[in-house]
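Colleague: I'm new to reading structures, and I'd like to practise on this one. Could you walk me through a small part of it?

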Amino acid sequence: MANADCIIIQGSNMAECHPVGFQWVAEAKARGARIIHVDPRFTRTSAIADTHVPIRAGTDVVLLGALIHHVLSTQTYFHDYVRAYTNATTLISEDYQDTEDLDGIFSGYDEETGGYDRASWAYDLDEHGAPRRDESMTHPRSVLQILARHYARYTPEMVEQTCGIPVAQFHEIARALVESSGRERTTCFAYAVGWTQHSLGAQFIRTAAILQLLMGNVGRPGSGIMALRGHASIQGSTDIPTLFNLLPGYLPMPMAGQHRTLAEYLAGIASPQQKGYWADADAYTVSLLKSWWGEAATAENDFAYDYLPRLTGAHGTYQTVMSMLEDEVDGYFVLGQNPAVGSAHGRMQRLAMAHLKWMVVRDFQLIETATFWRDAPEIATGELVTEDIGTEVFFLPAATHVEKRGTFTQTQRLLQWRHQAVAPPGQAQSELDFFHDLGVRIRQRLAGSTDPRDRPLLDLTWDYPLDEHGEVDAEAVLREINGEHLTGEQAGQPLDGFAQMRADGSTTGGCWIYSGVFAGGVNRAANRAPHGGDEVASQWGWAWPMNRRMLYNRASADPEGRPWSERKRYLWWDEETGRWTGPDVPDFPVDRAPGARPEGEGGPAALAGVDPFVMQPDGKGWLFAPKGMVDGPLPTHYEAQESPVVNPLYPQQRNPGRRTFPRKDNLFAPSGEDPGSGVYPFVFTTYRLTEHHTAGGMSRWLPYLSELQPAMFCEVSPELAQQRGLSNGGWATLVSPRAAIEARVLVTERMTPLRVGGRTVHQIGLPYHWGVGGDAVVEGDAANDLLGVVLDPNVQIQESKVGSCDIRAGRRPRGEELLRLVAEYQSLAGATVETDNERLDPGVGSPTEEEDV
């Protein structure tokens, strides 16, 4: 980021939420970079930025889509980069129909399932099975022309009408982007949960990726899209992972009925004939299975593939909570989370926990999740009675990050080894020690079992050495993740990288993208050379994969292998040595010449010298996504689940692929011009504070931080305060279709009323750190109580950055009166389980009269 000429921060308050990383934004600015902050609120990030752009929450695709339209219509995109390195020249199937043809949906939509059959999105193939291309990019079915038609209506005027951003300010952003992109200059985007936590969140990020590819801002110094990950190893938790639908290294979980054998599973990941490194998924998978089950994993039993559990559908956080309410879940482990406060629809979370037989909470404090049975808000309303709750809660103290050793993986994929500073107090344990001990005890209980269901646990390689404190040696675990050779002259030696993994069972590797972190038997995550040792800090920690500091860095050179410019010189082809060279590890076969055009092979060997996107099956950056996204090959604007605005672009109001849960305890406000929409006329959005940390478990128990931010509050504009009789420092009650909460009022010009579609839209800012309980230094109502549950279909994340509410002066009622207030609003709005939950709006998807003919 420090090398960027322009940085657009959108969907993040980086200065407050990622202050360590923000130093590189500050350095870029000191070097002359332009900083633009797009956010509903004026924040500390905005204060440092050159330009703050207020935006209506949930409308980011319109702004980004209009920037795409601008650079295409003005021919200011990076033509040479786009033609050589993206799929702009590729032709799409004749069967494909766009949102422009079908009133807001794509071809292949199934209204019954809410999903798409993506066959019509595929590339148009020739008789040899190769994608057809048009190098002129003028063919009407070429990706570039489809892109241009798709975003034609995303104009500056549409941005003003939808986002509330004036046309002049849009042109200011467009100018900065164009002037800071191309051969000599680069622009970087940065985002966080302000983009991800939407029912369209994955497509927000896709839109930025399309824009950055068009501008040549991928794989070059100061370019890319920086996903700002949280404290302290959120990146690591998705790499290894903690997600229900992934195995380590982003290998998918097998699906019941679809992946009955290892061969069927591997066929679902990649074809051996496709280009790039996913074609070697068989080696990554078999090495993982060998890491887990060792000698029990053999070629004869598909390397113990049958030991893996199978998915029968989505089993994320919110599906689990609803299963708890149906008494389908007996026990629940809560680690590093505080769902009673920090998850969407807090009331649903707390009521669900009362249906459990047992719950284990590991934390530093008695967080609200651990004490819900005695002091949840539902105790006060009478919905829960302590004596009637049968949930047995086990609270186990956890070690803090300074009380354990291991690795953190941060925003830029960097593994950094942390040393143990002090021993954890009392019975506090690290996660590593806890789960190892739990595994040992379970295996002891199962010893001698002849039940086939117990074999996966009994056959696990659970023989970790212990350190001087009697805990599992964390370096031994990292070595296992790295992988090793099992046979031949190198048997017992660590792998140097994932390219050495084999599908014949001769290697292990717990996470293929981490392979190389222990190359040569050295813990490279512990590297600490002063200033990183060189210009890319290659000797500070270790970045996956292969200590590569910039992904897709082959794109930093032109098709002939020369730097696009000396100013942005990073990787180039050295004719003398016949190798790619530069300050970084090439993200490309190191000896693959720019002019190489392999034919007839798959995997990395099939990559041509001009295929920098080595994880894509065609080696190109995808402007159009023929697969991978479940709700559309091109990002399309849909309004949030709850929105006071009618979608001005399409008759389809909301993302037709979103995951909804029509339930009486999960009602939504009528939207747009629907009857009752005026009952919840305002937009609320949630955010973090510097002084508090996530749901408060690490901050609201500390007097110094609690003194800095002592109470839950809401930010409102002076205009909204006057309209609703709110006084600065006084109380306000906020009501959504799910709950009502109270907060202190902060009247501030940081919240800008926006003119949208000829009317004023007011937005309310809510920090989400407080919860009701008796143990913290400070407590308050939880912002997440206002939220309902609706999910992005790609990643199953909740929409928690935009919702509809009312706000009124004064404190909320207590006891049963609180429930009555919420019910009165629901009745006034006419909110039912059907509200906002229809998949398609009337008339959407019907063929036009011309098409009918």
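Colleague: Which residue in strand 12 stands opposite W358?

Modeller: Keep in mind that this is a predicted model. Strand 11 covers residues 358–363, and its partner here is strand 12, paired in the parallel sense over 6 bridges. In strand 12, the residue opposite W358 is E392.

Colleague: In what order do the 3 strands of the open sheet come?

Modeller: A handy general point first: strands of a sheet pair through backbone hydrogen bonds, either parallel or antiparallel. In this open sheet the pairing is parallel, and the order is 10-11-12.

Colleague: Which strands are the edge strands?

Modeller: Look for strands that pair on one side only. That description fits the strands spanning 331–335 and 392–397. Neighbouring strands of this sheet are turned by 15° against each other on average, ignoring direction. The edge strands are strand 10 and strand 12.

Colleague: Is F333 buried, partly exposed or exposed?

Modeller: Let's find F333 first: it lies in strand 10. Buried would need under 20% relative accessible area and exposed over 50%, with partly exposed in between. F333 has 37% relative accessibility, so the residue counts as partly exposed.

Colleague: How much accessible area does the nonpolar patch with F333 have together?

Modeller: This patch lies on the surface, and W358, which we met at the start, belongs to it. Its other members are F333, F394 and L396. Together, the accessible area is about 320 Å².

Note on methods: Residues are numbered from 1 along each chain as its sequence is written. This is a predicted model: local features need pLDDT of at least 70, side-chain atom pairs count only at pLDDT 80 or more; totals for chains, interfaces and linings use all residues. Side-chain values use heavy atoms; hydrogens and water are left out. Two strands pair if DSSP finds at least two bridges between them. Helices (H or I, at least four residues) and strands (E, at least two) are DSSP runs, numbered from the N terminus. Axes are lines fitted to C-alpha atoms, for helices over the stretch in contact, and angles run from 0 to 180 degrees between N-to-C directions. Patches are made of residues with over 30% relative accessible area and no salt bridge: like charges are joined within 9 Å, nonpolar side chains (Val, Leu, Ile, Met, Phe, Trp, Tyr) within 5 Å. Accessible areas come from the Shrake-Rupley method with a 1.4 Å probe; for residues, only the protein chains shown count as cover. A salt bridge is a side-chain nitrogen of Lys or Arg within 4 Å of a carboxyl oxygen of Asp or Glu. Buried means under 20% relative accessible area, exposed over 50%, partly exposed in between (1.4 Å probe, protein chains only).
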